[in-house]
Amino acid sequence: MKRFIVTGGYGFIGSSLIKLLLKKNFKVINIDKLSYSAQKYNLRGITSKNYIFIKIDINNKKKILKVLRKYKPHGIFNLAADTHVDRSISDSSNFIKNNILGVYNLLEVIKNYKKKIRLVHISTDEVYGDIIGTKKSNENFPYTPSSPYSASKASADHLVNAYVRTHKIDAVISNCSNNYGPRQHPEKLIPKMIYNILNNKPLPIYSKGRNLREWIYVTDHCDALIKLFFKGRSGEKYNIGSGINCTNIFLVKKILKSFKNKKIKIGKKVKILFVKDRPGHDFRYALNSNKIKKKLKWKPKINLNQGISKTVDWY
């Protein structure tokens, strides 16, 4: 039986990945320091003998190494990260500590473990920065991060690549588009809009809502991550995207339409409210995900209408 560590396992993507790994009958060790974005609710009801939770910060090298030596995992999925761009603009200190130093400490542990173990490091499409015109960023695209968040993730990617080359660790990097689905923290766009609709509040959107993003349903992303562990080539990076690009205003209107289709009452205060744009806001992200689709035979299964409907149903 394969054994995996998932760091940040009580987070939105981490908890979805853990559920999928357990469904496939793998053993999972969830490592999480339980910061504000971690929700124990995300894994409530799991009673599998193949699941273990250990409260640890990935900056604690001694404890992480102890876990590796005790459980002898075959792989680590690193999802421990601070992720909200707005928070990184107001205070970037935790992003530097967790997204850069945390990854450095994890890499040091893997280097010192001296047994075969594969790291799947989960990054973001935001490392590529603002994608102008109709281009799509492939894996060879230059890194031009705009926010402290994306800069911290870009730094982590470079560290992973350096440890692959210098210390010969076995690692692959994924750069994924915007995730959405049930149990996502309400600071993110889709759950925030759903929460505000349910609570009869305005729907704040930056600028005029013209910013373009690519959206992937969380279980599709997790399925791709498992593919990367088993079939990804060491030292390489893979974009993970759905190909579904839309403006924020289009997306919010689609969420409103989903409520109407379900005949859920919408309050009078629920109105789109354009607010002042955030500093350094990238206009467009767009991924070329042909590599993972062609070489690893992966493709997303959930389209945007299905995903939004499932997400609204859960909330």
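Let's start with strands β9 and β11. β9 covers residues 212–217, and it pairs with β11 in the antiparallel sense, over 3 bridges. One contact to find on screen: Arg213 stands opposite Cys246 in β11. Keep in mind that this is a predicted model.

Now widen the view. These strands belong to an open sheet of 3 strands, in the order β7-β9-β11, with mixed pairing. Which strands stand at the edges? They are β7, residues 178–180, and β11, residues 245–247. Each has a single partner strand, so one side of each is left without a neighbour in the sheet. Neighbouring strands here are turned by 50° against each other on average, ignoring direction. A quick reminder: strands of a sheet pair through backbone hydrogen bonds, either parallel or antiparallel.

Next, strand β4, residues 75–78. β4 runs parallel to β1, residues 3–7, and 4 bridges join them. Within that pairing, Ile5 has Ile76 in β4 as its bridge partner. β4 also pairs with β5, again in the parallel sense and over 4 bridges. There, Gly75 has Arg118 in β5 as its bridge partner.

Which way do the residues of β4 point? Gly75 and Phe77 go one way, Ile76 and Asn78 the other. All are buried. In a regular strand the side chains alternate between the two faces of the sheet.

On to salt bridges. Side chains of opposite charge can pair when their charged atoms come close. How many salt bridges does the structure hold? There are 9. I'll take three pairs.

Pair one: Lys33 and Asp57. Their closest N and O atoms are 4.0 Å apart. Lys33 is in the loop between β2 and β3, and Asp57 is in the loop between β3 and α2, so the pair ties together parts 24 residues apart in sequence. Lys33 has 30% relative accessibility, so it counts as partly exposed. Asp57, at 22%, is partly exposed as well.

Pair two: Asp170 and Lys116. Here the N to O distance is 3.7 Å. Asp170 sits in strand β6, and Lys116 in the loop between α4 and β5, so this pair links parts 54 residues apart in sequence. Buried or exposed: what is Asp170? Asp170 is buried, with a relative accessible area of 14%. Lys116 is exposed, at 73%. There is also a network here: Lys116, Arg118 and Asp170 are linked by salt bridges. You met Arg118 a moment ago, as the bridge partner of Gly75.

Pair three: Lys291 and Glu236. The closest N and O atoms are 2.8 Å apart. Lys291 lies in helix α9, residues 290–295, and Glu236 in the loop between α7 and β10, so parts 55 residues apart in sequence are tied together. Lys291 counts as buried, at 18% relative accessibility. Glu236 counts as partly exposed, at 21%. Why do these two get separate labels? Because buried means under 20% relative accessible area.

Last stop: the second largest pocket. Its volume is about 350 Å³. It is lined by 14 residues, and the closest to its centre are Ser16, Leu20, Lys23, Tyr217 and Thr219. Two helices, α1 (12–23) and α7 (218–231), each supply at least two residues of the lining. What is the lining made of? It divides into 5 nonpolar, 2 polar and 7 charged residues. And Tyr217 takes us back to the opening, since β9 covers residues 212–217.

Conventions. Residues are numbered from 1 along each chain as its sequence is written. This is a predicted model: local features need pLDDT of at least 70, side-chain atom pairs count only at pLDDT 80 or more; totals for chains, interfaces and linings use all residues. Side-chain values use heavy atoms; hydrogens and water are left out. On a 1 Å grid over the protein atoms alone, a cavity is a set of points where a 1.4 Å probe fits but cannot get out, and a pocket is an open set with protein on both sides within 12 Å along at least five of seven lines; lining residues have an atom within 4 Å of a point. Grid points are joined across faces, edges and corners, and a volume is the space filled by probe spheres set on the points. Ala, Val, Leu, Ile, Met, Phe, Trp, Tyr, Cys and Pro count as nonpolar, Asp, Glu, Lys and Arg as charged, and the others, Gly among them, as polar. Two strands pair if DSSP finds at least two bridges between them. Axes are lines fitted to C-alpha atoms, for helices over the stretch in contact, and angles run from 0 to 180 degrees between N-to-C directions. A salt bridge is a side-chain nitrogen of Lys or Arg within 4 Å of a carboxyl oxygen of Asp or Glu. Buried means under 20% relative accessible area, exposed over 50%, partly exposed in between (1.4 Å probe, protein chains only).
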